[in-house]
Amino acid sequence: MSDNTRPVRVRFAPSPTGYLHVGGARTAFYNYLYARHMGGQFVLRIEDTDEARSTEESLRMQIGDLEWLGLTWDEGPDAKTLKDMGSHGPYRQSQRKEIYESYALKLIELGKAYYCFLTDAEIEEQRAASLKAGRPPQVDSPYRNWTVAQASERIAKGDKPVVRFKVTDEKRDYVLKDLVRGEVRFPSDMVGDFVLIRSTGMPVYNFCCVIDDHLMHITHVLRAEEHLSNTLRQMMIYEALGWDLPEFGHMSIILGPDKQKLSKRHGATSCFEYSQNGYLPEALLNFIALLGWSSPKAQEILSVADMIAQFSTDRLNPAAAVFDEQKLLWMNATHLRALPHRELWERVEPFLTKANLKLPGDWAWREQALEVFKTSMQTLKDAVELFRPLSREPVDVTAEGKEAMAWETSSKVVSKWKDLVAAHQSDFMTEAQFNEYQEKIKTECEVKGKQLFQPIRVAVIGKPQGAELKVLVPLLHKEILLERASQVLATN
RNA sequence: GUCCCCUUCGUCUAGAGGCCUAGGACAUCUCCCUUUCACGGAGAAGACACGAGUUCGAAUCUCGUAGGGGACGCCA
């Protein structure tokens with residue numbers, strides 16, 4: 001076990017084989033929170049030993065997502081240049097091949113690993129036979145006790161072996177003290193001799209992970225539950241090399257609504273999609289943090305600073321959690337409404353720009369508009385449809401809008417409204433002026449309530465429901481108001 | 001199949017033997033506010049998977065059963 005006086009060093013070790021999944025984001029976040037809470041370091045390591053699937057593009061995407069989330073790392077590839085920063089590099093496993101190789105050689109020397117020439121077909125045959133006999137499908141390599149000389153001879157002939165770890169014949173339990181799950185016992189015969197180095201010379205995950213965690217002085221490994229059974233192999237490697245184990249904590253996985261591991265078929269699962277759909281990084285973080293962790297103060301809405309202050313591994317929940325989109329939406333809306341208007345505008349603006357909406361540029365107008373609409377927004381993207389009627393383009397009149405316009409007094413109301421707007425002297429109307437006009441329509445057309453408000457609202461935003469007219473109308477330029485009224489009357 | 005992990009309202013969770021008639025949040029429903037929509041406020045309904053033990057006492061400890069998940073790769 002690691003000694004507690006050492007500074008805490010944790011790491012997030014994604015493999016660049018696609019976007020950053022929300023599950024990965026949660027793992028990264030817990031590591032980040034722990035590091036920041038303990039005043040330790042957070043390392044980003046890239047596990048790109050799967051040459052076929054790892055891409056530079058994925059790396060950039062994942063780094064971009066981590067940046068969007070605001071999870072900054074102290075060591076690892078620089079977010080912009082991808083050049084290593086920190087004194088424990090390189091941080092990309094593909095650049096550490098010699099290191100792994102030297103340790104593999106050491107294990108072979110120690111008699112704890114060996115070259116194995118079994119082919120895929122032979123292994124498959126063994127698996128099938130074992131399964132049929134009801135035994136665990138483990139390899140039983142005839143090369144297990146070959147001498148290095150024997151193997152070298154064969155290698156010289158051009159055969160490319162893998163390096164396998166020699167699992168002890170002595171049957172015993174490996175005991176893991178997991179930070180999340182407590183004591184977990186693994187029988188040593190749970191695994192067969194496993195591969196350390198592929199025939200291509202590239203090492204595999206379980207091996208790199210141990211070497212890197214040790215060499216990078218990682219003190220705590222917080223990772224997903226799917227790695228729990230890998231831990232046995234890793235413990236064997238630590239033992240063979242005579243190294244101390246770091247602390248491990250295996251957190252539960254995230255499930256979809258059907259209780260299956262959350263995946264693409266459940267919908268949006270990447271951080272990138274959430275950012276594109278108008279979610280706030282702080283809301284996403286708040287939500288995923290609570291999927292498997294709880295605040296000791298029973299807070300539901302927490303800032304990143306709150307979470308750093310309150311985080312501890314002993315409140316990590318071992319049970320799997322279902323990702324509830326509804327609650328995320330609520331949480332997003334809550335964070336969004338708490339934002340100062342200027343900041344909210346900065347976040348909303350890219351979405352409005354993308355939708356090509358031309359809106360007035362002054363801050364007074366913007367703040368007023370946000371004040372009116374923010375209670376209807378759950379995501380930043382929602383602003384687009386809310387703000388669209390405020391831009392200078394014709395609105396689509398909804399079915400309900402047409403219905404309201406079909407009432408017998410509606411045309412009269414809108415005509416009168418149009419006349420009043422046309423006669424209005426300045427570009428914008430004040431709330432008081434609108435109230436005055438409203439009173440005029442009310443008395444002159446002899447309508448009130450629904451019959452009064454809804455047709456006017458349709459003539460303003462194209463639908464009968466929405467924000468109060470007295471706050472809505474002052475946001476629209478007289479010309480737009482006039483065009484809208486004409487448009488609605490014409491299509492009626 | 002083997003091994004490992006998990007099991008409190010529909011969902012996220014609080015709960016470390018008596019404070020539990022099981023608390024909170026999302027969602028749902030009702031009411032209030034309100035010209036409408038949303039926001040906000042008040043309330044309702046809703047769970048300890050099952051069975052044995054241990055104990056004066058169990059959601060909490062133990063063991064079984066069931067269900068779910070994960071791993072068993074020259075993926076990570």
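The dialogue below concerns the interface of domain 1 and domain 2 in chain A of a predicted model.

Biologist: What does the domain assignment of chain A give?

Modeller: Domain bounds come from an automatic or database domain assignment, and for chain A they are domain 1 (9–78 + 212–250), domain 2 (97–205), domain 3 (264–340) and domain 4 (343–491). Residues are numbered from 1 along each chain as its sequence is written, and side-chain values use heavy atoms, with hydrogens and water left out. Because this is a predicted model, local features need pLDDT of at least 70 and side-chain atom pairs count only at pLDDT 80 or more, whereas totals for interfaces use all residues.

Biologist: How many residues of domain 1 and domain 2 are in contact, and what area is buried between them?

Modeller: Contact means heavy atoms within 4.5 Å, and 29 residues of domain 1 meet 29 residues of domain 2 in this way. Buried area is the accessible area (1.4 Å probe) that two parts lose on being put together, summed over both; here it is about 2600 Å², with 67% from carbon and sulfur atoms. Thr49, Leu232 and Met236 supply 23% of the area that domain 1 buries against domain 2, more than any other three residues.

Biologist: Which side chains meet in a salt bridge?

Modeller: A salt bridge is a side-chain nitrogen of Lys or Arg within 4 Å of a carboxyl oxygen of Asp or Glu. The count between domain 1 and domain 2 is two, and Arg181 and Glu225 form a salt bridge at 3.9 Å, N to O.

Terms used
Chains are lettered from A and ligands numbered from 1 in the order in which they are written.
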